[in-house]
Amino acid sequence: MSITLDQVTKRYQGMPVVNDVSLDVRDGEFFVLLGPSGSGKSTLLRAIAGLTSVDHGRISLHGRDVTNVSARERGVGLVFQNYALFKHMTVAENIEFALRVRHVRASERRKRRRELLRLVALEGLGARLPTQLSGGQQQRIAVARALAHKPEVLLLDEPFGALDAKIREELRRTIRQVQRELKISTVLVTHDQQEAFALADRIGVMNLGRLLETAPPDELYARPATRFVATFLGAANLLLARQTPEGIRFGAAPVDIPGAERADTRREHEVVAVLRPEEAELAPTPEALASPFIGRGAVDEIVFTGALQRIRIRLSDGAGAQLLGPESNSGAGMLEASRTQREQRAFPLAPGHSVAIGMRRIHVLPTPLSSYTAFGASVEEAEQLSRHSFLVDLAARMKTRVNVRVEPGLRMANNADCSSGADRGGVAVLATAPDIISQIEFLFHQGVTEALVLPPPPTKPQRVLIHWLDRAARSDTMAVAASLLRHVAAEAVYVGIMPPGTPDSHRSLGMRALLDARSEAQAMHSLDMRTELRFGDIATELAAQLGEARDQMLILGISEIRQLRERFAALFATAPGRPIMVVYRPGEGTRPA
Amino acid sequence: MSNFRQPSVLPGFGLTFGFAMVYLSAIVLIPLAALVLKAGTMQWSEFFHVILDPRSVASYRLSFGASLLAASVNAVFGFVIAWTLVRYEFPGRKVIDALIDMPFALPTAVSGIALTAVFAQNGWIGRYLDAFGIKVAYTWIGVTVALTLIGLPFVVRSLQPALQEVQSELEDAAETLGAGRLYIFRRIILPTVTPALLTGFALAFARAVGEYGSVIFIAGNLPMKTEITPLLIVIRLEEFNYQAAAALGFVTLVISFLMLLSINLLQAWGRRRMVAAGH
């Protein structure tokens, strides 16, 4: 490994801008850090170069721990967005700077300079001043300068940011060529996904200071694990579907779609599916489609982009309900599709035309949280709950929707016996109530598997407590917590609780369980948790901990419905008003690796 | 001429150019010419007698020597102050930034009296310096202190914009390339701000040569020892010896002009070297 980052964290005024990033860059690899501005990617790059200290974690270059080594001694090559050439020096002096600092003999310096100028295809420009060169040429000089001292690692911070499209492409090719020729491990930071695709051996996507996913470009595009990556890398339509033992279902009809893989198939539940615009097929009638039909729509807008035609289609009722997007709550779903020239010739379209839509390939995100449904005994109750600021925020960040459902059954939930398995969308959201346990039990019997209980006051959790009652619920609770924490800027704390008066000999087992949980969360869900061990009654301890500070929430995992009443009655009765998410996974809950 | 006549948002090149010429003539060129003419009414022997008088020569030495020294001191400490103001955020930064201009605003006589009070043998600072046998007030050191005070804003204000332009990225780049702090300062920061530093130095120097008000209080004005040229000119004027005053003024003018010219040439040479450098 040429660059190894181990749980690197950097805070500015208490806020983590780089949040627990672990990463290995291989020898000779071209690695691209991709993310929106403010995602912490540039800070991470500066930390690798040694220009920024880290608050936590280790950085090693080629096996040498350099966490506390100054930038000067790390000797990486760094290229900046604005070139950062020394304007009072000639091109030759710029390139030779690192050699002059190292007291390399003049003849050798001259030889190396010629070599580097040839490498970046700017021979004979040594005598010029940087200001006499074009932007693209200046950036080539900056690359040559960064390579002069033969660094083991090349770092590029948005190197094409200040250049126009044509030169950008040219320089991109040069940098890729130089990197291949020297086989130097390279990290490039960018917010441009085209650039990332064109250059990267592997891409790491960052958001809110976290490194979300790391994979080769094609894999990341075809099989993203998170909504953020799915929508950030190219255009994507997010759809709600149901995972059944027989396959994926959109609306009523089951559709057999190839490429829908990697989902939890053990139980029937709602999932989020990604449909890329180019995988949507358009035809005049459902019969003319070569792929499974999912609905009809009307062409709203057509944009010509050269090779491709981009089309926005307003889905008609039924199909539109499946679509997640900014307008999805109003039911006016807009589907993005794109067609090649050949497809356009075969079936010409104009705005207003009605089309049948099919999907050639979809990808199901492995996230356990799909959408939210606010439940209430009356319309007013349910709608008021759906406007709760915490819920609205969360749904917006997860790019999903909040449904509203009136369930008179909640009022007389005590006969919790009717396991009808009715269609319920995603996480059930409930308002705090005296008989809340009966309500949750009722919904779990109906087939709901996650319930979020919200107290009336608005809240922004800074700390998420996580606890599962037994091993059966462990893995799924972790998955839910990881999914939630990707969208909330909060720290995660796993609370382990042992009975009071546990003999000392058993305490070490408790500690082991904590550490195991922590490493599993890290490995399986890239979730960094802190851990705390407490002694006492579970419900009392959790209630006490929730009482310690205002902005907290709890994620609770159970594997049997009755556990809720038997073990946590005290928690719901006495806990101060904090959001509580209950994750219910019946039976054997270990997720296949 | 056609080079000047670029199209511009403001019309009337002829009008503005004419105005600039008249204006400059009225307040700069004509008074200077009158000075030269007045000196020109003297006989050569008379002229040389006045300007080579030992008292005059001593005053040139003090005036130009102290001005050069003061401008040099300002170049160093003005750099430090400008650097602190540009590079760091600290409470009271704006206040200190505003204080820099105080010497501009204060009547120079006031600063002269204040300096004398502080640096006199029994003054707040003079008292402690006196214990080491250092006398400031009524010596050439006092003259230099006064000239340093009035020259400081020129250096700081010339340097600030230049330092703002040295992106910290340049230093980051040099650091990753293996340069130490001293090397970065010498090879990156200093060359970048040298033109501005020279400008500030030249302005501070020019201002110091012409300074009168603040110096006469702290200098003590002993002929041959602590008498500056502008004071000698005033003394000659009070004796109604206008010709001698004009002759001394003429000498000051010539020396100042030569020194400013050489600083400008130095700057131009620096720029040319930057452009023409190569291997």
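The exercises below, each with a worked solution, concern a predicted model.

Local features here need pLDDT of at least 70 and side-chain atom pairs count only at pLDDT 80 or more, while totals for chains, interfaces and linings use all residues. Residues are numbered from 1 along each chain as its sequence is written, and chains are lettered from A and ligands numbered from 1 in the order in which they are written.

**Exercise 1. Helix 3 and its surroundings**

Task: Determine whether helix 3 of chain A is largely enclosed, and find which helices its buried residues pack against.

Solution.

Step 1. Helices (H or I, at least four residues) and strands (E, at least two) are DSSP runs, numbered from the N terminus. A residue is buried if 20 or more other C-beta atoms lie within 10 Å of its own, exposed if 12 or fewer, and partly exposed in between, with C-beta atoms placed from the backbone.

Step 2. Helix 3 of chain A covers residues 91-101, and nine of its eleven residues are buried, so the helix is largely enclosed by the rest of the structure. Among the buried residues are Val91(A), Ile95(A), Phe97(A) and Leu99(A).

Step 3. Contact requires C-beta atoms, placed from the backbone, within 7 Å of each other. The buried residues of helix 3 pack against helix 4 (106-119) and helix 5 (135-147) of chain A.

Step 4. After helix 3 comes His103(A), with a positive phi near 55°.

**Exercise 2. Leu99(A)**

Task: Describe the environment of Leu99(A), a residue of helix 3 of chain A.

Solution.

Step 1. Leu99(A) has 21 other C-beta atoms within 10 Å and is therefore buried.

Step 2. Leaving out residues up to four places away in sequence, Leu99(A) touches Val104(A), Arg109(A), Arg112(A), Ala148(A) and His149(A).

Step 3. Ile555(A) is 456 residues from Leu99(A) along the chain, and their C-alpha atoms are separated by 57 Å.

**Exercise 3. Partners of strand 11**

Task: List strands that pair with strand 11 of chain A, with the number of bridges for each.

Solution.

Step 1. Two strands pair if DSSP finds at least two bridges between them.

Step 2. Strand 14 (residues 269-275) is an antiparallel partner of strand 11, over seven bridges. Here Leu239(A) has Ala273(A) as its bridge partner.

Step 3. Strand 18 (residues 323-324) also runs antiparallel to strand 11, joined by two bridges. In strand 18, Leu323(A) stands opposite Leu239(A).

Step 4. Strand 12 (residues 247-250) pairs with strand 11 in the antiparallel sense over three bridges. These two strands form a hairpin with two residues between them, and Thr244(A) is bridged to Gly247(A).

Step 5. Strand 11 spans residues 237-244; seven of its eight residues are buried, so the strand is largely enclosed by the rest of the structure.

**Exercise 4. The six-stranded sheet**

Task: Work out the strand order of the open sheet of six strands in chain A and identify its edges.

Solution.

Step 1. The order is 6-7-8-3-9-10, with mixed pairing.

Step 2. Strand 6 (77-79) and strand 10 (210-215) stand at the edges, each with a single partner strand, so one side of each is left without a neighbour in the sheet.

Step 3. Strand 3 (residues 30-34) and strand 9 (residues 202-207) pair in the parallel sense over four bridges. Leu33(A) has Gly204(A) as its bridge partner in strand 9.

Step 4. Helix 5 lies across strand 6 and strand 7 (153-157), at about 165° to strand 6. For such angles, axes are lines fitted to C-alpha atoms, for helices over the stretch in contact, and values run from 0 to 180 degrees between N-to-C directions.

Definitions and conventions. Contact = placed C-beta atoms within 7 Å.
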